[in-house]
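Biologist: I should like to go through this model with you, one question at a time. Please explain each answer so that a first-year student can follow it.

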Amino acid sequence: MIRRLICCFLLIAPFTNSFAQSVSPAQQKKMDAFITNLMSKMTLDEKIGQLNLEAVGFDVTGPIVSKNVNENIQKGNVGGVFNTYTPDAVRKLQEIAVNHSRLKIPLFFGYDVIHGHKTIFPIPLGLASSWDLDMIQKSAQIAASEASADGLNWVFSPMVDIARDPRWGRIAEGNGEDTWLGSQIAARMVKGYQGNNLYDTDHVMACVKHFALYGAAESGRDYNTVDMSERRMYQDYLPPYKAAIDAGAGSIMSSFNEINGVPATANKWLMTDLLRKQWGFKGFVATDYTAMMELIPHGMGKDGYAVGKKAIDAGIDMDMVSDIFLDNLKKLVNDGKVPVSEIDIACRRILEAKYKMGLFTDPYRYCNVQRAATTIMKQDYIDAARDAAKKSIVLLKNNNSVLPLKQGGSIALVGPLADDHRDMIGPWSGAGDWHKSVSVLDGIKQLAGSNVQINYAKGANITDSEWLLKRLGKDELSFDKRSPQEMIDEAVAAAKKSDVIVAVVGEAATMSGEAASRSDIGIFPNQEDLLKALKATGKPLVIVLMNGRPLTLNWENDNADAMLEAWFGGTEAGSAIADVLFGAYNPSAKITATFPQNVGQIPLYYSHKNTGRPYAGDFVDRYKSRYLDVSNDPLYPFGFGLSYTTFTYSPIKLNTTSIKPGQPLQVSVTVSNTGKYDGTEIVQLYTRQMYGSVTRPVEELKNFKKVFLKAGESQVVNFTITSDDLKFYNIDMKYTYEPGDFKVFVGTNSRDVNSADFKLTN
Ligand code: NOJ
């Protein structure tokens with residue numbers, strides 16, 4: 001009977017490989033009929049089972065792991081599984097669902113594929129620094145190709161949380177502080193993962209996270225409270241989620257935080273009014289890991305029964321790991337507390353996702369061992385990772401053109417991360433094989449070969465704090481048992497016999513990402529001791545940073561001759577760093593999160609408001625918005641990054657100084673490469689509305705262009721602005737523009753810009 005039932009599904013299912021993400025009315029009708037038919041055969045338990053997501057397999061990415069999974073799958077109690085990959089492992093679990101559960105409904109398989117699956121790309125904050133939307137999309141496409149070859153069909157990415165607090169370790173996973181750029185990247189990531197057709201086995205379903213506002217956790221402490229005005233939400237924090245949804249994202253993950261008193265996972269305004277009614281989202285919403293269970297300590301209800309009701313009422317479709325839906329929904333329905341229609345809606349959304357991925361046609365379509373063998377970490381993908389890594393490296397300083405290094409003489413290569421393989425692939429690189437990553441030492445050897453003599457010394461551990469090392473997982477760091485002084489002495493000796501020092505310092509991978517907030521975001525004292533001892537040798541000091549957040553780098557900025565922000569660059573980080581060090585690639589990246597001078601300035605971001613008492617930088621300006629002990633300036637402003645060459649900008653030319661709604665304002669500048677090297681410049685355009693019905697930021701990014709200029713070459717760079725670009729949430733929370741006075745800025749970063757005035761009239 002059951003076999004007949006499945007045969008019957010297969011006959012009615014419209015499984016064509018042209019099944020697109022945005023379905024035609026005919027396809028929608030077929031899908032609806034298929035799912036209606038299937039649901040008519042499902043018991044309430046089986047429907048609830050579809051709403052359950054279990055963690056099983058290779059990784060532990062949260063506080064608890066699901067139990068009795070095989071038995072639960074067999075009973076039809078599981079809709080999807082995460083943390084299991086490889087075609088064989090996935091097949092084994094899928095077989096239980098397909099051969100042993102009553103209705104044989106296939107599972108989907110998710111995983112935290114954040115910046116690559118096996119071939120690891122730079123952390124998202126690094127990728128964003130490239131401002132290279134095509135390359136970022138390609139990185140997601142490659143991640144999708146590898147993940148889907150490895151049995152997966154759902155990735156918990158992109159993470160699009162705007163973050164303006166570098167204490168928060170998860171700033172590493174997103175695109176930085178800017179709403180406009182963050183929205184562009186969010187859409188491209190979704191396109192990269194999902195392609196045009198979810199049915200196509202080279203793509204996976206995206207899960208946009210963490211909905212919503214997780215990046216605004218108070219004090220940068222993970223999982224902490226978010227309290228935010230409606231205006232700031234709509235203006236600054238919500239657009240990237242919306243952009244990802246508009247790009248077709250199939251699913252969304254609820255965030256851990258509360259929003260103005262109601263945790264996201266129980267927040268009906270967020271999950272239903274905003275997401276469904278205002279934005280028209282059609283996919284499904286899964287909670288974050290045990291987020292439903294966490295509604296109890298949040299204070300939303302005393303038990304699973306109470307919080308399960310709040311979550312389903314709010315509009316949550318799938319429960320990640322908490323088992324609260326599984327254990328409580330049936331009783332809630334039977335007690336008349338939850339209408340069965342809420343469960344039907346959620347179940348339908350999950351079945352639709354499975355249908356779109358073609359799992360009812362062939363539940364094993366992502367389980368092809370042959371394909372995995374030929375796809376995963378293929379040379380093209382490794383090359384793309386190297387390309388991405390070099391395009392993500394930011395040159396923060398370069399006095400007297402210390403860089404690029406010449407391929408000759410000797411280099412003291414020192415620092416805890418100089419020969420690291422493990423940390424350099426960064427946080428959230430679960431499936432990444434760090435054994436295959438290229439360290440900086442490897443990269444330099446490969447590039448410079450025997451032309452350069454390398455004097456290597458580790459010089460320091462990441463930290464000397466025993467407690468922290470344990471917390472970071474000692475085995476994840478190759479901890480050197482020598483005394484700090486012994487290690488420094490060895491490094492100084494290496495420096496003394498070398499022409500130049502390259503010190504690779506920073507954070508361990510586990511110091512950013514989830515549960516990795518820091519209250520002090522400087523280089524650890526023991527590493528700074530090393531840097532100071534190296535500096536004392538008088539040899540040119542090049543600092544290469546690996547880290548997952550903006551750091552406070554005052555000493556480094558004052559004392560290094562050159563400094564590269566290499567982030568956690570992924571599998572090919574070492575090759576890419578060598579490319580940049582020796583000038584095989586001229587750095588072009590620009591930071592997308594402000595680097596503060598000290599933690600007390602946080603939150604510090606370029607698009608701040610002016611205040612009624614803006615500080616003009618004059619010492620006697622007493623009653624102004626300022627600190628006594630530090631200027632208001634960042635160490636490095638948003639959009640900052642140097643090149644081995646120099647670029648100059650002409651004054652801005654406008655075609656007119658007054659536009660009407662819909663009319664274009666043509667903005668042009670001539671950018672010239674006035675240095676010795678060919679190079680790429682990221683030309684940035686910002687605007688400011690001078691007066692409005694509400695106060696407006698001093699600058700807002702509206703566009704950019706990446707231009708390649710040969711040494712000595714100039715190019716006119718054109719932008720167009722229309723009233724659409726000037727829209728914002730006005731006093732009535734209407735998204736519109738207001739006629740008035742504006743400034744347009746064009747420049748090499750948010751601080752160093754030229755400006756021009758224009759008007760928008762009625
Ligand atoms: C918790 C994290 O917040 C989320 O980003 C991740 O996708 C899940 N765990 C699953 O591992």
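Modeller: Two strands are said to pair if DSSP finds at least two bridges between them. Please bear in mind throughout that this is a predicted model.

Biologist: In what order do the strands of the open sheet of 5 strands stand?

Modeller: The sheet is open and its pairing is mixed. Strands of a sheet pair through backbone hydrogen bonds, either parallel or antiparallel. Read across the sheet, the order is β19-β27-β26-β21-β22.

Biologist: Which strands stand at the edges of this sheet?

Modeller: An edge strand here has a single partner strand, so one side of it is left without a neighbour in the sheet. The strands placed in this way are β19 (658–659) and β22 (700–709).

Biologist: Which residue in β27 stands opposite I659?

Modeller: β19 pairs with strand β27, residues 753–760, in the parallel sense over 2 bridges. Within β27, the residue opposite I659 is L760.

Biologist: What distance separates the centres of domain 1 and domain 2?

Modeller: The protein is divided into domain 1, residues 389–584, and domain 2, residues 647–760. Taken over C-alpha atoms, the separation of their centres is 37 Å.

Biologist: What percentage of residues 681–750 is strand?

Modeller: An unreviewed UniProt entry lists these residues as "domain: Fibronectin type III-like". The end C-alpha atoms of this stretch are 14 Å apart, and its helix content is 0%. The share of strand is 56%.

Biologist: How much of the area that the ligand exposes when taken alone does the protein bury?

Modeller: Of the 13 residues around the ligand, T61, D112, R170, H210 and D288 come nearest. Oxygen atoms of the ligand lie 2.4 Å from a polar side-chain atom of D112, 2.6 Å from an N or O atom in the side chain of R170, and 2.5 Å from a polar side-chain atom of D288. Taken alone, the ligand exposes 290 Å², and the share buried by the protein is 100%.

Biologist: How many residues of the shell around the ligand are charged?

Modeller: The shell is divided by residue class, with 6 nonpolar and 2 polar residues. The number of charged residues is 5.

Biologist: Which residue follows S157 across a cis peptide bond?

Modeller: The bond in question has an omega near 5°. The residue that follows S157 is in the loop between β4 (154–155) and α8 (179–194). That residue is P158.

Biologist: What is the phi value of D323?

Modeller: D323 lies in the loop between β10 (319–320) and α14 (324–334). Its phi is positive, in a residue other than glycine, and is near 60°.

Conventions: Residues numbered from 1 in each chain as written. Predicted model: local features only at pLDDT ≥ 70, side-chain atom pairs only at ≥ 80, totals over all residues. Heavy atoms only, no water. Near = heavy atom within 4 Å. Polar contact = N/O pair within 3.5 Å; in protein donor to acceptor, adjacent residues only side chain to side chain. Areas by Shrake-Rupley, 256 points an atom, 1.4 Å probe, with all protein chains shown as cover. Nonpolar A, V, L, I, M, F, W, Y, C, P; charged D, E, K, R; others polar. Domains from an automatic or database assignment. UniProt positions renumbered as here; feature names shortened; annotations may be inferred. Helix = DSSP H or I, 4+ residues; strand = E, 2+ residues; numbered from the N terminus.
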